[in-house]
Amino acid sequence: MSKVYSLSEIEAHHSKDSLYLSIHGDVYDVTDFIDQHPGGQEKLLETGTSIVTDLFENAAHSDDARQLLKTFVIGKLAEEDFQSQSSEAFKEDSASTLSTQSQESSTLFLILSSFLLIVVSAIYFGR
Ligand code: HEM
């Protein structure tokens, strides 16, 4: 079974001598990779956080990079720390779904009112 790390345990390893990062709920020891990272050492060291799922995804890493990442895995992020992170992502997701829904309903409203206007004008001017 893989080791479970709390967020504070990972955060204790955030230097050039020992660097742990968490991506998608897994924990990686990327210390030996710092110097080799094609995106630069500072991208790994100056993340401002130990949970770098979004940073990793936003940099549009290749499948090769994802395969390489797997070789550094040392365990999992503790459930409560991972969940608090996912629930934030969930909140963002549902907020964007809501705004898409309200956008859709206002478009529908616009179409219906235009249609009504055409019908009323046709009746009025048709006389
Ligand atoms: C921790 C595990 C990581 C691994 C194993 C990794 C691996 C790689 C690899 C192999 C590349 C070369 C291009 C590719 O194959 O996609 C790359 C590029 C890059 N990485 Fe990472 N990366 C990691 C984390 C990060 C993080 C956390 C960031 C951002 C904060 C980042 C930012 C970038 C950027 C900007 C490039 C593009 C460099 C360029 O094309 O000039 N990487 N990474």
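**Notes on a predicted model with a ligand**

1. Let's start at the ligand. It is surrounded by 20 residues, and the closest are Gly-39, Leu-55, Ala-59, Ser-62 and Ala-65. A residue gets into this shell if its C-beta atom, placed from the backbone, lies within 6 Å of the molecule. Three elements give two or more residues each to the shell: α2 (41–45), α3 (53–58) and α4 (63–70). The top contributor is α4, with four residues. The helices named here are DSSP runs of H or I with at least four residues, strands are runs of E with at least two, and both are numbered from the N terminus.

2. What is the shell made of: how many nonpolar, polar and charged residues? There are 13 nonpolar, five polar and two charged. For this count, Ala, Val, Leu, Ile, Met, Phe, Trp, Tyr, Cys and Pro are nonpolar, Asp, Glu, Lys and Arg are charged, and the others, Gly among them, are polar.

3. A word on what you're looking at. This is a predicted model, where local features need pLDDT of at least 70 and side-chain atom pairs count only at pLDDT 80 or more, while totals for chains, interfaces and linings use all residues. Residues are numbered from 1 along each chain as its sequence is written.

4. Now zoom out. The protein has five helices and five strands, and from the N terminus they come in the order β-α-β-β-β-α-α-α-β-α. The strands make an open sheet with mixed pairing, ordered β1-β5-β4-β3-β2. At the edges sit β1 (3–5) and β2 (14–15), each pairing on one side only. Two strands pair if DSSP finds at least two bridges between them.

5. Follow the chain through two hairpins. First up, β2 and β3 form one with two residues between them; these strands run antiparallel and are joined by two bridges. One partnership to look for is His-14 with Leu-19 in β3. Then β3 and β4 form a hairpin, also with two residues between them, and His-24 in that turn has a positive phi of about 50 degrees. Here four bridges join β3 (residues 18–23) to β4 (residues 26–29), again antiparallel. Ile-23 has Asp-26 as its bridge partner in β4, and Tyr-20 stands opposite Asp-29.

6. Is β3 enclosed or open? Five of its six residues are buried, so β3 is largely enclosed by the rest of the structure. Buried means that 20 or more other C-beta atoms lie within 10 Å of a residue's own (12 or fewer is exposed, in between is partly exposed), with C-beta atoms placed from the backbone. Over the protein's 127 residues, 13% count as buried.

7. The largest nonpolar core has 14 residues, and Tyr-20, Leu-21, Val-27 and Tyr-28 have the most contacts inside it. Such a core is a set of buried Ala, Val, Leu, Ile, Met, Phe, Trp, Tyr and Cys residues joined through C-beta atoms within 7 Å. Both β3 and β4 supply at least two residues, and β3 gives the most, with four. Leaving out residues up to four places away in sequence, Leu-21 touches Tyr-28, Val-30, Ser-50 and Val-52. Contact here means C-beta atoms, placed from the backbone, within 7 Å.

8. Last, the record. UniProt, in an unreviewed entry, places a "transmembrane region" at residues 108–126; such annotations may be inferred rather than shown by experiment. In the model, that stretch is 100% helix and 0% strand, with its end C-alpha atoms 26 Å apart.

How values were computed:
Contact = placed C-beta atoms within 7 Å.
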